Structure formats: structure tokens, C-alpha cells
Amino acid sequence: MGYEKRLAKAFIHAPVLPLHSNSRIAIISDCHRGKGDSNDNFLKNQHLYFAALCHYFDNGYTYIELGDGDELWENRRMNEIREIHSNVFWMFELLHKQKRMYMLYGNHDMVKKSNKLSLNFPCYEGLILKDCRTSHYFYLTHGHQADTLNSVFWKLSRFLVRYLWKPLEQFGVLDPTSAAKNYAIQNRTEKRLEQWGREQQVTIIAGHTHRSVLDPAHPNYINTGSCVHPRCITCVEIANNSLFLVKWSMETRADASLYVARTVLCGPLPLSEFPTPAD
């Protein structure tokens, strides 16, 4: 099965979330929450992420996690991740009770597909946002479907990460099969995702490559970035009928006190400027 069919398959039974004029949505990908050890890449940005999550909860946003939320290649037990990052899962429960959360799985948490982890909320491969006033569609998925090694051969990749690259990471050796760390794989994956969106005349919003993208010149492809950048997390927001690419980072005031800052990197871009499928 080619990547085009793998991507199309992700949306066959995907839930459709309507967009209204007052819709507020935050889309975050690639948190890679671990169990609190030296391999837990989420730890360095956990406070930024939690501050962002609280902001979105308090301001009425629907939270969409776009895959690889939990690092289940390096770690076997979900309960260890849940215990270490209990504040995050507490917020998830609050969002879920208010029907303001959608969870998608990626290649690193593919096991969520079987729904055997007692997450208390369902996980999907794809999600469709439909503007109720127009014919605009936004197709959300993790994006690993465009990366053969991390989709078709994900179990082999998991084996290599768990038993080879995870120990070597302690010595600074990067995983060459990762779309986030191998520029050739990263570029190829992004080109495939953009091409699929262009052929379907929709906008696809993905993660996986960890490289944030919101470019008016390329309206068929958007990427949220990740939560494991060295000094920030990035995400995509939908509010006021527009799209924003946002960065959350730790900044310093004049009195040397620290605070968590939200910075708009791109936007607002009106939803109406994105592709509309042909009838």
C-alpha cells in the first residue's frame, strides 16, 4: 500500500468536528512524554506545556493531540508515564469530561490503536475539521503514513529504537531513521504530505517531522512542530476564524523574573484562504 492510500485510509472513519465562528482549537503534536528518566525528552519543556494546556483549558479551547503524545517505543508501560506526568493526565480528564479533547495516535504511540491501555478516552488515526459556513476541510493526522519506515515497518523501527538507539542516545548518537533528525527523511515526508493535500484539494495538518510549518504560499500543508524543541514548544491554534502558529517559551522580565510567554510566529491566516475541495 502506497503512502497515498495509507493517508486516505486514516480518514475513512475519522470523526468530523464542525468549525463555527466561535470555535477555539489548539493542536499539539509530538510531546513524547516519557517516564521521567534521562531519555524523557518531554521533561525539559513540561512546565511550558502545562502552562499552555492550562491556558487553553481556561480560555475554552478544544485540545487536539496529533500523535506521539506518549513515548511508547522507548517505554513499555503507560502507567509509568501517567504517574510521572499525572498533572497532564488530570487536565486531560477535565477536558474529556467537557468533550473538549480529541486524541490521535502516531507511530510512537501506535499501540493506542488497540485501545488496551485504559486511557479512558478513544484514540483516532485521523480527524476532519469542517467549516460549517463554507466548504473548507482540514484533515488532521500524525503524518507517519507518508514515512514507510515509520508506518509499514513501525514494529521494526520500534525494536531498533528500544534496543539500539535508546542506549546510544545516552552518548549523543541520534537515531538516523527518525523523520525529526534525518533531513532527507524529513524533507521527503513533508513533500509527500503536501502533495497529498494538493491532490485532494484540502489542507492537511500533521506533526511527525517536528518542523513547524504555516506558510500562506503552501496552503495544503501545515505542521504543528513539537514539544521537544530545545527551548520551546510550538502548536497551531484556530480562533477568530483564523489559523495561528504559536510558540510557548520561557522569557525574562526586566527584573530578572521568569515567565511563560506565548508568541505568534505566523498568523492570523483566515480559514477562507485555504483550499476548498472541488464538487
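Here are three short exercises on this predicted model, each with a worked solution.

Residues are numbered from 1 along each chain as its sequence is written. Because the model is predicted, local features need pLDDT of at least 70 and side-chain atom pairs count only at pLDDT 80 or more, while totals for chains, interfaces and linings use all residues; side-chain values use heavy atoms, with hydrogens and water left out.

**Exercise 1: the core**

Find which residues have the most contacts inside the largest nonpolar core, and which helix supplies its largest share.

Step 1. Start with the term: a nonpolar core is a set of buried Ala, Val, Leu, Ile, Met, Phe, Trp, Tyr and Cys residues joined through side-chain atoms within 4.5 Å. Buried means under 20% relative accessible area, exposed over 50%, and partly exposed in between (1.4 Å probe, protein chains only).

Step 2. The largest core has 36 residues, and Ile 28, Tyr 49, Leu 53, Tyr 56, Tyr 63 and Phe 92 have the most contacts inside it.

Step 3. Helices (H or I, at least four residues) and strands (E, at least two) are DSSP runs, numbered from the N terminus. Helix 2 (46–58) is one of the elements that each supply at least two core residues, and the largest share, six residues, comes from helix 2.

Step 4. Now look at Phe 92. Contact means heavy atoms within 4.5 Å; leaving aside residues up to four places away in sequence, Phe 92 touches partners including Tyr 49, Leu 53 and Tyr 63.

**Exercise 2: the open sheet**

Work out the strand order of the five-stranded open sheet and which strands stand at its edges.

Step 1. Two strands pair if DSSP finds at least two bridges between them.

Step 2. The order is 1-6-7-8-9, with mixed pairing. Strand 1 (16–19) and strand 9 are the edges: each has a single partner strand, so one side of each is left without a neighbour in the sheet.

Step 3. Zoom in on strand 7 (residues 137–141), which pairs with strand 8 in the parallel sense over three bridges. Leu 140 stands opposite Ile 205 in strand 8.

**Exercise 3: unusual backbone**

Decide whether Gln 201 and His 210 are buried or partly exposed, then locate the cis peptide bond.

Step 1. Most residues other than glycine have a negative phi, and most peptide bonds are trans.

Step 2. Gln 201 has a positive phi of about 55 degrees; at 35% relative accessibility, Gln 201 is partly exposed.

Step 3. His 210 has a positive phi of about 70 degrees, and at 18% His 210 counts as buried.

Step 4. The cis bond joins Gly 267 and Pro 268, with omega about 5 degrees. Pro 268 is in strand 12 (residues 258–270).
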